[in-house]
Amino acid sequence: MRRGWWSSTAAGWDNAQVPNVTTENLRDDLSAHVRRAGYYPDLVDDVLDVALADEPVVAHLVQAETTFDDAVRRHLTVLALTPTRFVAAHVDDHEGDAAHPSSAAATTEAVPLTEVRSVALTHVVDEPAQHGRGDSASELTLAIGWGAVSRIDLEPAQCPDPQCEADHGLTGQLTPDDVVVRVSGAAEGRDAVRRAVAFARALSAATAPGSSSGSSSGSAAGGRTGR
């Protein structure tokens, strides 16, 4: 059967499709874009095979990034949508030394679509007064939560009395932090932002209460694209 693609590369999310799940399986193109990322493709494909368990892939994205701290480290994140599950894979490597060989850790998680609790988007828009309907954001943060990991942001609790010196403890916000993907229009192009929105739309449609994941994913592809 024919397989299409939805992906991101290290330079940006340069190709994407959200086909109707009843007619297309994107597994082969997912593998092709994993290989394009060039980050242990055989290892990544192996762990994806186990997690996907032969289910067809409705949509996917592949994001490679490099971070710099005490050493140069590479990371790869793969997100895939199947008719019944959301699959996340993350791979990073560790440089070896004289005492320890180099290594890579690959982690996958397969989440039933009924268990996905939130698909959160933060849109950053430049010059909002000039924003037209359908225009893309300049930056987008996509957070997908299913309850495995949460983040607590704490700050001192405030008192309405400006003269009060008592300790009122801490207040905070608990937010899902299972998977967070950020894309910048300035660094990766506005098309990358639009594709991130499209992926979020497909996942949101697939996880909507009472919806069919197949028909929802197909309708997401037919939505209006931004300018």
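The following dialogue concerns the sheet, the helices packed on it and the nonpolar core of a predicted model.

Residues are numbered from 1 along each chain as its sequence is written, and side-chain values use heavy atoms, with hydrogens and water left out. Because the model is predicted, local features need pLDDT of at least 70 and side-chain atom pairs count only at pLDDT 80 or more, whereas totals for chains, interfaces and linings use all residues.

Student: Which strands stand at the edges of the open sheet of four strands?

Tutor: Strands are DSSP runs of E with at least two residues, and helices are runs of H or I with at least four, numbered from the N terminus. Two strands pair if DSSP finds at least two bridges between them. The order is β3-β4-β5-β6, with antiparallel pairing. Each edge strand has a single partner, so one side is left without a neighbour in the sheet; these strands are β3 and β6 (103-112).

Student: What angle does the direction of α4 make with that of β4?

Tutor: Axes are lines fitted to C-alpha atoms, for helices over the stretch in contact (heavy atoms within 4.5 Å); angles run from 0 to 180 degrees between N-to-C directions. Helix α4 packs on the sheet, touching β3, β4 and β5, and the angle with β4 is about 45°.

Student: Which element gives the most residues to the largest nonpolar core?

Tutor: A nonpolar core is a set of buried (under 20% relative accessible area, 1.4 Å probe, protein chains only) Ala, Val, Leu, Ile, Met, Phe, Trp, Tyr and Cys residues joined through side-chain atoms within 4.5 Å. The largest has 20 residues, and Leu79 and Trp146 are among those touching the most other members. Elements giving two or more residues include β3 (59-68), β4 (72-81) and α4 (190-206). With five residues, the element that gives the most is α4.

Terms used:
Buried < 20%, exposed > 50% of the residue type's maximum accessible area, 1.4 Å probe, protein only.
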